[in-house]
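User: I'd like to learn how to read the place where two parts of a protein meet. Can you walk me through it?

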Amino acid sequence: MDSSHPPLFLGCIADDVTGATDIASNLVQAGMRTVQVFGVPNPADLMALQADAVVVALKSRSIDRDAAVSMSLQSLAALQQAGAQRFFFKYCSTFDSTPAGNIGPVAESLMNELGVAQTIFCPAFPANGRTVYQGHLFVNGQLLNESGMHNHPLNPMTDANLVRVLQRQTTKSVGLIDWNDLRAAKVRSSMQSLADDGIAMVITDACDDDHLQRLAQQTTQLEFLTGGSGIARWLPQAWRESGLLTAVDSEPSALAAFDRVADRGRAAVLSGSCSPATNRQVHYLKSRCASLALDIERLLASPENALADMEHFLRAVPDREPLMIYSTSDPERVAQLQQAFGTAVVAEAIETAMGRLAKQLVDDHGVRRLVLAGGETAGAVTRKLGIHAIRVGPEICPGVPLTETVSAEPLSLVLKSGNFGDDQFFEKAIQVAT
Ligand SMILES: Nc1ncnc2c1ncn2[C@@H]1O[C@H](COP(=O)(O)OP(=O)(O)O)[C@@H](O)[C@H]1O
Ligand SMILES: O=C(O)[C@@H](O)C(=O)COP(=O)(O)O
């Protein structure tokens, strides 16, 4: 390791792959040299990275609670051994979880392990339309439970009151810091009052970036924070101002390690998100490039035959032309498939197929840029491709950067959170300058 590089400062644990890239991108935008690694890391590998921040991308959002807790604790141990001084648990800005978890149980176990009595829960990400007011989460001005998230295939969100949602997932007591506390710079004193009342987990309001900046400035004392990536855009500056983080030369330095060596080949979009935004993005792109909807019934009946059909399609697309394959569907179609075959069975079949398709695209069809839509989908694909780490480049839209794999033959990856990006996002991601 280069002894002139400051030691690792921040260790993040993200509960899905696109969410990890989202926070990594916001940290890079805020001037931190950030590397994203996939799966529970090895401390020695982390120490060799020369980064200010490491984001560990897990696939722990929709799995069994005990497994999610276990892999999060193992990741924490690795980050601690690598010398991290601050820790962040990143979950979705739409608080994606089931009544059993996994946000509450994972946060609780990380707090217990770190010996931390209290922390904040700040999913707000105003740049992407996620705001929290009086503890209620809004998505582009709609209450969470009316925003389309109530139709999520794996973790439908049916309650916008986050104090209530989180309280159902944890044995610790949950409270609220509202926007008045932020405006009056009363976060620390309000947290102390809440602590005196035995409140360990504090949902925080934030309606705009000014609120997030204030919140970051007033929580620098916390060793462990949790939230979406909105606050991560402001924490590095707050840490620097309070003397905790060594100042970096300038913002671009955080992008300096991004080589752009990967962007020399064909682009393909694999889309498994069924969010409203991704449905619109698929609709926009499908008449503009070669595209194919996964035949999900055929896939469930015979994966091998379905993949053989896909291979025919791939061979028919002229060399080097971009293409898109998607399972993205509207809520009625998702419900119909889930009722007929079972939620987990459908999700597993699609994720496995997406992983295999990605491997075919890269190994046999000259694809060097993969655009993946959906956190679970991206998790399955990156696992199948054996990707260990990525460097983060410039943003294509808030929370979705261009990235490239840290490997002998780098691959360009765009890992898009299901609900991020405008209708033309895929087209931009395919075309973005190299
Ligand atoms: N047509 C479909 N019907 C049912 N489930 C689907 C369909 N298409 C994709 N899925 C599954 O829904 C889940 C979507 O999750 P994810 O990829 O994380 O997207 P998002 O980012 O929108 O949450 C995945 O497990 C995926 O396999
Ligand atoms: O915070 C967010 O909204 C995203 O970073 C995120 O976690 C998205 O997850 P997916 O919607 O599953 O892609």
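User: How many residue pairs are in polar contact across the interface of domain 1 and domain 2?

Analyst: Start by looking for N and O atoms within 3.5 Å of each other, where one can donate a hydrogen and the other accept it. In this predicted model, seven residue pairs are in polar contact across the interface of domain 1 and domain 2, both residues at pLDDT 80 or more.

User: Which elements give two or more residues to the side of domain 1 that touches domain 2?

Analyst: Helix H1 (17–29) and strand S2 (34–38) do. H1 gives the most, with ten residues.

User: What residue classes does that side of domain 1 have?

Analyst: Sort by class and you get 14 polar, eleven nonpolar and five charged residues on the side that touches domain 2.

User: And how many salt bridges cross the interface of domain 1 and domain 2?

Analyst: For these, check whether a Lys or Arg side-chain nitrogen lies within 4 Å of an Asp or Glu carboxyl oxygen. The rule finds two across this interface. As for a single pair to look up, lysine 59 and glutamate 376 form a salt bridge through their side chains, at 2.8 Å from N to O.

User: What area is buried between domain 1 and domain 2?

Analyst: Think of it as the accessible area the two parts lose on being put together, summed over both. Here that is about 2400 Å², with carbon and sulfur atoms giving 62%. On the domain 1 side, Thr18, Phe38 and Lys59 lose the most area to domain 2, together 27% of what that side buries.

Terms used: Residues numbered from 1 in each chain as written. Chains lettered and ligands numbered in written order. Predicted model: local features only at pLDDT ≥ 70, side-chain atom pairs only at ≥ 80, totals over all residues. Heavy atoms only, no water. Buried area = accessible area lost by both parts, 1.4 Å probe. Polar contact = N/O pair within 3.5 Å; in protein donor to acceptor, adjacent residues only side chain to side chain. Helix = DSSP H or I, 4+ residues; strand = E, 2+ residues; numbered from the N terminus. Nonpolar A, V, L, I, M, F, W, Y, C, P; charged D, E, K, R; others polar.
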